[in-house]
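Got your viewer ready? Here is a short tour, with something to select at each stop.

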Amino acid sequence: MARAYEIGIAGCGPGGLAAALFLHRLGHRITLFERFEEPRPVGSGLLVQPSGLEVLETLGLAAPIRERGARIDFLKGTSIPSGKRALDVRYGALRGDACAYGVHRALLFGTLYDAVRAEGIAIETGRTVTAVDIDTGGGRFDFADGATSARFDCLIDALGARTPLAPPSGRDLAYGALWATLDWPHDVSFLDDALDQRYRRAHEMVGVMPIGLRPSNDKQGAAFFWSVRADQIEALHAGGTAKWRDTVLALWPETAPLLDQIADTRDMVFAHYAHRTVRRPVSARFAHLGDAWHSTSPQLGQGANMALLDAAGLASAFHRHTDIADALAYYAWLRTNHIQIYQALSCVFTPLYQAGDGLRPFIRDQLVHWFAGLWPARNLVAAIVSGGIGWPLRPMRLDGLGSRNAAPVTTSGP
Ligand SMILES: Cc1cc2nc3c(=O)[nH]c(=O)nc-3n(C[C@H](O)[C@H](O)[C@H](O)COP(=O)(O)OP(=O)(O)OC[C@H]3O[C@@H](n4cnc5c(N)ncnc54)[C@H](O)[C@@H]3O)c2cc1C
């Protein structure tokens, strides 16, 4: 390796942790900064798509996801009261044994975090990053307590969608969702290999997804979510849990054993989404990664995967280029098309599932019905959801990239 760089990464989400592992294994010296003092199992379920799983495979970290997560072969949704299919994704339409894994967010976080600790990568917790000072040769992070980090050759912003290190961009979406992590109801016939949802047009949506073993009690778990407009969340709480429960039961009566586990709507976590993409994701010594670069609604289930793909792209770039500016430019080149495609797809699909009424949900139900019977369309839908449209992994040449001391390959440009 030509030179080991000092690299500072702000944010210990999936993106920051995966980037730290990849770059450490390439021989660079990494320090992670994170605002939490101690990691806690926050959040609920997410889908690790085949593309994200491939990145974890490269890092040698896919086994815990397969062993503790829930294998997902289908994404399904039904319009109420028509009973029409409103979502129909079959991973089996893809080549090989493709599937997604439903996991608690803590499983993905814990798998990456434990690996970072085991490899001795420096983590400074209790550090709230507020700003970054970049010059031609490197830079530093500033913290909320007035302190400043050591100087780094390269700095990475992996602070998530609300990063203070990027200029404001995009917009908050009207809808978010209430999430809860619950015990899997064994006495009710929920599909244990599918994320399943019920919709009333596009203004009501309830979903259930198996997530494998819960981190809190090692029992089989379910992620439960209820779509709600951000400006109606307080009215929902004020209306009382019993009234909300009746609304959910009218949409999907079988959710009763799940609702029995929710004493108060305020026990659920409200997640509000933003649709944004940073225009200039890299400069000569600084780059955004994951949700800090691009974020969107979780309708396509891509956020964690995109962060993992960014981390793999960054590693691929540092593997090929010894100059930091060249590496960051190559990273941006590797990832930009794929990100643009998925941001556009999200803009198209989100209003079909989370919006007011009107014609959109009607068109959705007709299209899904038609698509489901058509083999090329079935494959296309599965490819979209798997994260594979645009072949993001192909130019990265991940083989051996996640192993320690991967030999660098240097080239002159993209
Ligand atoms: C409800 C919900 C459901 C989702 N479902 C899916 C799904 O099914 N599939 C999927 O792929 N994605 C899903 N996502 C999206 C996914 O969780 C995110 O896209 C993914 O976590 C992004 O990873 P990241 O590392 O870029 O950022 P984050 O996971 O947001 O990590 C950012 C890290 O930075 C830390 N941080 C933030 N600000 C500061 C600061 N100022 N100083 C220091 N540290 C800071 C945070 O504590 C955090 O550890 C979902 C998201 C939500 C909210």
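Helices here are DSSP runs of H or I with at least four residues, strands are runs of E with at least two, and both are numbered from the N terminus. With that in hand, select helix H1 (14-25), strand E3 (45-48) and helix H8 (303-320): each supplies at least two residues of the shell around the ligand. Keep in mind that this is a predicted model.

**The ligand shell**

H8 gives the largest share of the shell around the ligand, with 4 residues. Now show the five residues that come nearest to the ligand, out of 32 around it: Gly-13, Gly-15, Gly-160, Gly-290 and Gly-303. Colour the shell by class and you should count 17 nonpolar, 11 polar and 4 charged residues.

**The nonpolar core**

In soluble globular proteins, nonpolar side chains tend to be buried together. The largest nonpolar core in this model has 120 residues. Select Ala-18, Ala-19, Phe-22, Ile-156, Leu-289, Ala-311 and Tyr-331, which have the most contacts inside that core. H8 turns up again, since the largest share of this core, 11 residues, comes from that helix.

Centre the view on Leu-289. Which residues is Leu-289 in contact with, leaving aside neighbours within four places in sequence? They are Gly-15, Ala-19, Ile-156, Asp-157, Ala-158, Ala-307, Asp-310, Ala-311 and Leu-314.

**A hairpin**

Next, pick strand E9 (residues 129-135) and strand E10 (residues 138-143), which run antiparallel and are joined by 6 bridges. The hairpin passes from E9 to E10 through 2 residues. Label Ile-134 and you will find Gly-139 of E10 standing opposite.

**Backbone oddities**

Most residues other than glycine have a negative phi, and most peptide bonds are trans. Go to the loop between strand E5 (74-79) and strand E6 (85-90), where Pro-81 lies. The peptide bond from Ile-80 to Pro-81 is cis, with omega near 10°.

Then move to the segment after helix H11 (375-386) and select Trp-391. Trp-391 is not a glycine, yet has a positive phi of about 45°. Is Trp-391 buried or exposed? Trp-391 counts as exposed because there are 12 C-beta neighbours inside 10 Å, and the cut-off for exposed is 12 or fewer.

Arg-397, also found in the segment after H11, has a positive phi of about 45° too. With 12 C-beta neighbours inside 10 Å, Arg-397 counts as exposed.

**Confidence**

Finally, colour by pLDDT: the mean for the protein is 91, and 94% of its residues reach 70 or more. Over residues 409-414, pLDDT stays under 50. Where pLDDT is low, the predicted coordinates should not be read in detail.

Terms used:
Residues numbered from 1 in each chain as written. Predicted model: local features only at pLDDT ≥ 70, side-chain atom pairs only at ≥ 80, totals over all residues. Near = placed C-beta within 6 Å. Nonpolar A, V, L, I, M, F, W, Y, C, P; charged D, E, K, R; others polar. Core = buried A, V, L, I, M, F, W, Y, C linked by C-beta atoms within 7 Å. Buried ≥ 20, exposed ≤ 12 C-beta atoms within 10 Å, placed from the backbone. Contact = placed C-beta atoms within 7 Å. Pairing = 2+ DSSP bridges. pLDDT = per-residue confidence, 0-100.
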